[in-house]
Amino acid sequence: MKNRRGDKHYEPRHGGTRTDNLRETAARAGSAVPIATGIVVSLVTGALFRDDVIRTAHRVLTDHPAHLVLAGWAFVAVLAGVAAGCLSAAARASSPATRVTLLTAAALTAPVVLWFLPTRQDKDPFPGGDSAFVTGGQTAWLAVLVAGFMIVFEVPRHLRIWGALAIAVVSIVSVITAAALAH
């Protein structure tokens, strides 16, 4: 539809036609289904495979507590980074198929990080060598929380280097402390 001047396309102020609104709602619902499915699948597999991941780490790293702490920390930190990267890329994706794929990957990856969320069931915050992998995963939550704080509160560009430095320091100190106490 043309406006009075005849040279620009008229965009209605009320948000579009009813058909446009229905298409938008259908697109949102269509992208929510794979995300919800991904979260459910990840949580169920977490209940089934968390102990298998820990046992595999123990077999591969031969029960060396410091190595297990570092491996547990890396497991959680890398998965949190992948989930955050997928969410960031999905926000900038132009294709709906790409956006849904990235959101689904984030939905599959992010709940795995929750496998090592410190809970009240963990009686000792720094358990011995048999639980060093879990300890490392739990200490990674310090870095994840600092990074999340930076993202949620939109730290200005000139302060991001200090935020990255804070994440590095928190990560190094938490891993060293957990490895030292895991012996």
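Which residues of helix 2 are buried? In this predicted model, they are Pro65, Leu68, Val69, Gly72, Trp73, Val76, Leu79, Ala80, Ala83, Cys86 and Ala90. The legends below treat the chain as a whole and then several close-up views.

**Figure 1. Overall arrangement of the predicted chain.** The secondary structure comprises five helices and zero strands. Read from the N terminus, the order of elements is α-α-α-α-α. The chain has 183 residues, of which 28% count as buried.

**Figure 2. Close-up of helix 2, residues 65-92.** Helix 2 contains 28 residues. From its first C-alpha to its last it reaches 41 Å, close to the 40 Å expected at 1.5 Å a residue. Its buried residues include Trp73, Leu79 and Cys86. Glycine 85 also lies in helix 2; with a relative accessibility of 37%, glycine 85 counts as partly exposed. The C-alpha atom of glycine 85 is separated by 8.1 Å from that of alanine 106, and the two residues are 21 residues apart along the chain.

**Figure 3. The aromatic pair formed by phenylalanine 75 and phenylalanine 133.** One aromatic pair is found when the whole structure is searched. The ring centres of phenylalanine 75 and phenylalanine 133 are 5.9 Å apart and the planes stand at 50 degrees, so the pair is classed as tilted. The reasoning rests on the cut-offs for the angle: planes under 30 degrees apart count as stacked and those over 60 as edge-to-face, with the rest counted as tilted. Phenylalanine 75 belongs to helix 2 and phenylalanine 133 to helix 4 (residues 132-152), so the pair ties together parts that are 58 residues apart in sequence. The two partners are also described by their accessibility. Phenylalanine 75 is partly exposed, its relative accessible area being 24%, whereas phenylalanine 133 counts as buried at 3%. The cut-off for burial is a relative accessible area under 20%.

**Figure 4. Close-up of helix 3, residues 96-113, with the side chain of threonine 109.** Helix 3 has 18 residues and reaches 26 Å from first to last C-alpha, close to the 26 Å expected at 1.5 Å a residue. Its buried residues are Leu102, Thr104, Ala106, Ala107, Thr109, Pro111, Val112 and Val113. Threonine 109 lies in this helix and counts as buried, with 12% relative accessibility. At 2.7 Å, the side chain of threonine 109 reaches the backbone oxygen of alanine 105. Alanine 106, which is among the buried residues of helix 3, is the residue whose C-alpha is separated by 8.1 Å from that of glycine 85.

**Figure 5. Close-up of helix 4, residues 132-152.** Helix 4 is made up of 21 residues. The distance from its first C-alpha to its last is 30 Å, close to the 30 Å expected at 1.5 Å a residue. The buried residues of helix 4 are Ala132, Phe133, Val134, Thr135, Gly136, Gly137, Gln138, Thr139, Ala140, Trp141, Ala143 and Met150. Glycine 148 lies in the same helix and is partly exposed, with a relative accessible area of 26%. Glycine 148 is 68 residues from alanine 80 in sequence, and the two C-alpha atoms are 10.0 Å apart in space. Helix 4 is followed by glutamate 154, which has a positive phi near 45 degrees.

**Figure 6. The largest pocket and its lining.** The space in the largest pocket amounts to about 450 Å³. It is lined by 20 residues, and those closest to the pocket centre are Ala80, Gly81, Ala84, Val144 and Ile151. Helix 2, helix 3 and helix 4 each contribute at least two lining residues. Helix 2 gives the most, with nine residues. By residue type, the lining divides into 16 nonpolar and four polar residues, with no charged residues. Ala80, one of the residues closest to the centre of the pocket, is also buried in helix 2.

How values were computed. Residues numbered from 1 in each chain as written. Predicted model: local features only at pLDDT ≥ 70, side-chain atom pairs only at ≥ 80, totals over all residues. Heavy atoms only, no water. Phe/Tyr/Trp six-rings, centres within 6.5 Å; stacked < 30°, edge-to-face > 60°. Helix = DSSP H or I, 4+ residues; strand = E, 2+ residues; numbered from the N terminus. Buried < 20%, exposed > 50% of the residue type's maximum accessible area, 1.4 Å probe, protein only. Expected span 1.5 Å × (residues − 1). 1 Å grid on protein atoms, 1.4 Å probe; cavity = no way out; pocket = protein on both sides within 12 Å on 5 of 7 lines; lining within 4 Å. Points joined across faces, edges and corners; volume = space filled by probe spheres on them. Nonpolar A, V, L, I, M, F, W, Y, C, P; charged D, E, K, R; others polar. Polar contact = N/O pair within 3.5 Å; in protein donor to acceptor, adjacent residues only side chain to side chain.
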